Amino acid sequence: PIYSVQGHAVPAASANLAPAQIMQLIVSTAQSKGWLIDPISSTEVRATQKWRTHSATAIISTDGRTYSIRYDGSTNLLQSGDTIHRQYNERVHALEDAIEKRLYQRP
């Protein structure tokens, strides 16, 4: 199934930051992991990662207390209904882990 992050709690170390500041940390983390960022608003972005002939796109959002990563599209990842190639899920898991570590460190 397509992996989705819904309402992942922002660690206490970053809980006092404004939503836009949290999004800034998320964006810099995603970019450091090779995701291209297209801003939608101050608290929502479209993130795309491309490799070989594949691409994965997700919407990342935050309300300041939680953040979410939702599937938004893919190319050559065999998406059908709610299933997709494991590479998508692995990349989103890696992004989630990197964001979690960055928010624990605080700015």
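Start by selecting Leu 78: in this predicted model, the residue is exposed, with a relative accessible area of 67%. Look at where Leu 78 sits along the chain, and you will find the loop that runs between β5 (66–75) and α2 (86–105). Now check the backbone torsion: phi of Leu 78 is near 55°, a positive value in a residue that is not glycine.

Next, select Arg 52. Here, too, phi is positive in a residue other than glycine, with a value near 40°. Arg 52 belongs to the loop between β3 (44–51) and β4 (54–62). Is Arg 52 buried or exposed? Its relative accessibility is 74%, so Arg 52 counts as exposed.

Stay in this part of the sequence and add Trp 51 and Arg 91 to your selection. Arg 91 lies over the face of Trp 51, and the distance from the ring centre is 3.5 Å. Turning the view to look across the ring of Trp 51 is a good way to see Arg 91 over its face.

Now for the aromatic rings. The structure holds 1 aromatic pair. Select Tyr 71 and Tyr 88 to see it: the arrangement is edge-to-face, at 5.3 Å centre to centre and with 80° between the planes. Which elements does the pair link? Tyr 71 is in strand β5 and Tyr 88 in helix α2, 17 residues apart, so the contact joins distant parts of the chain.

Finish by colouring the two tyrosines by accessibility. Tyr 88 has 0% relative accessibility and therefore counts as buried, whereas Tyr 71 is partly exposed, with a relative accessible area of 25%.

Methods. Residues are numbered from 1 along each chain as its sequence is written. This is a predicted model: local features need pLDDT of at least 70, side-chain atom pairs count only at pLDDT 80 or more; totals for chains, interfaces and linings use all residues. Side-chain values use heavy atoms; hydrogens and water are left out. Helices (H or I, at least four residues) and strands (E, at least two) are DSSP runs, numbered from the N terminus. Buried means under 20% relative accessible area, exposed over 50%, partly exposed in between (1.4 Å probe, protein chains only). Rings of Phe, Tyr and Trp (its six-membered ring) pair if their centres lie within 6.5 Å; planes under 30 degrees apart count as stacked, over 60 as edge-to-face and the rest as tilted. A charge sits over a ring if NZ of Lys or CZ of Arg is within 6 Å of the ring centre and within 35 degrees of the ring normal.
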